[in-house]
Structures are given as C-alpha cells and as structure tokens.
Amino acid sequence: QVQLVESGGGLVQAGGSLRLSCAASGSIFRIDAMGWYRQAPGKPRELVATITSDGLTNDAASVKGRFTISRDNAKNTVYLQMNSLKPEDTGVYYCNADITKSGSLYPRNYWGQGTQVTVSS
C-alpha cells in the first residue's frame with residue numbers, strides 16, 4: 001500500500017507562517033510530480049503548487065512570492081512553506097503525488113487525507 005500523510009496545519013493569525021509536510025510511504029519505486037491543492041468551504045479544490053522530481057516548480061498566482069514548495073527525494077517528502085498568510089488562504093490542504101509502486105509499470109495518482117489551515121483576521 002502507498003499512502004500520503006500530511007502534517008503541519010493549524011490556526012494562525014493573518015501575516016503569520018505555517019509549514020506543511022507530506023510524507024509518502026509504502027512500496028514505492030518512484031515518485032514523479034508532487035503537489036499541494038486546497039479547498040475552501042463551498043469552493044472547488046484548486047492547485048496551490050507543484051514540483052517535479054527534478055525540482056521544477058509551478059505556483060498558483062494567488063500564492064506567488066508567499067508560498068514555497070520543496071521536496072526531499074531521499075525522504076519521499078514534499079513541503080509547503082507558507083508565509084504572509086491571509087484569511088483567504090483558509091481551507092483544507094491536500095497533498096498529491098504521482099507514484100509508481102514497486103512491481104508496477106505505470107504511476108498512479110494519490111491524495112492525502114488533508115490538513116486544515118485556518119487564518120484568522
């Protein structure tokens with residue numbers, strides 16, 4: 001089995017910072033792209049940032065200059081450093097990854113269970 005487990009969410013005041021982590025575990029052969037998505041109440045899930053296995057990143061316009069995605073391939077972990085947080089950043093943050101299991105030929109897309117981020121004004 002392969003699973004993604006997020007941590008690091010919580011309640012923070014506007015202007016504050018949080019760091020999210022997501023660790024992939026299980027029978028993993030290779031991890032390609034990893035990323036973070038978020039979903040606010042009553043809204044669809046949206047892309048926050050992605051990172052390839054080579055470290056190329058793509059950030060949503062709403063978080064550019066404030067959020068930084070990174071990964072540690074040796075630990076199968078992706079991070080999201082969130083600075084200058086705003087109330088509109090509130091939502092459930094989900095980790096996502098394309099993972100090829102040991103013994104498989106093709107990658108599959110996996111989601112974490114989500115972690116709540118609440119930014120108070």
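## The open sheet

Let's start with a four-stranded open sheet, whose strands come in the order 1-3-8-7 with antiparallel pairing. Strand 1 (2-7) and strand 7 (67-72) are at the edges, and each has a single partner strand, so one side of each has no neighbour in the sheet. From one strand to the next, the twist averages 15°. Please keep in mind that this is a predicted model.

Within this sheet, strand 3 (residues 18-26) and strand 8 (residues 77-82) run antiparallel and are joined by six bridges. Here L18 has M82 of strand 8 standing opposite.

## The hairpin of strands 9 and 10

Another antiparallel pairing is that of strand 9 (residues 91-101) with strand 10 (residues 108-111), where four bridges make the connection. I99 faces R108, which belongs to strand 10.

Between the two strands of this hairpin there are six residues. If you check backbone torsions, have a look at G103, which takes a positive phi near 90° in this hairpin.

## Aromatic pairs

The model holds two aromatic pairs. One of them is formed by Y37 and W111: the ring centres are 5.1 Å apart and the planes meet at 65°, which is over the 60 degrees needed, so this pair counts as edge-to-face. Since Y37 belongs to strand 4 (residues 28-39) and W111 to strand 10, the contact ties together parts that lie 74 residues apart in sequence.

Y94 also pairs with W111, again edge-to-face, with 6.4 Å from centre to centre and 85° between the planes. This second pair links distant parts of the chain, as Y94 is in strand 9 and W111 in strand 10, 17 residues apart. Through these ring pairs, Y37, Y94 and W111 are linked into a cluster.

How accessible are the members of this cluster? Y37 has 22% relative accessibility and counts as partly exposed. W111 is partly exposed too, with a relative accessible area of 38%. Y94, in contrast, has a relative accessible area of 14%, and because the cut-off for buried is under 20%, Y94 counts as buried.

## Charges over rings

The ring of Y94 has a further contact: the charged end of R45 sits over this ring, 3.7 Å from its centre. Y94 therefore has a part both in the ring cluster and, by the ring-charge criterion, in a contact with R45.

Elsewhere, R19 lies over the face of Y79, with 4.1 Å to the ring centre. R19 falls within the residue range of strand 3 (residues 18-26) and Y79 within that of strand 8 (residues 77-82), which brings us back to the sheet we began with.

Conventions:
Residues numbered from 1 in each chain as written. Predicted model: local features only at pLDDT ≥ 70, side-chain atom pairs only at ≥ 80, totals over all residues. Heavy atoms only, no water. Pairing = 2+ DSSP bridges. Phe/Tyr/Trp six-rings, centres within 6.5 Å; stacked < 30°, edge-to-face > 60°. Buried < 20%, exposed > 50% of the residue type's maximum accessible area, 1.4 Å probe, protein only. Lys NZ or Arg CZ within 6 Å of the ring centre and 35° of its normal. Axes fitted to C-alpha atoms, helices over the stretch in contact; angles between N-to-C directions.
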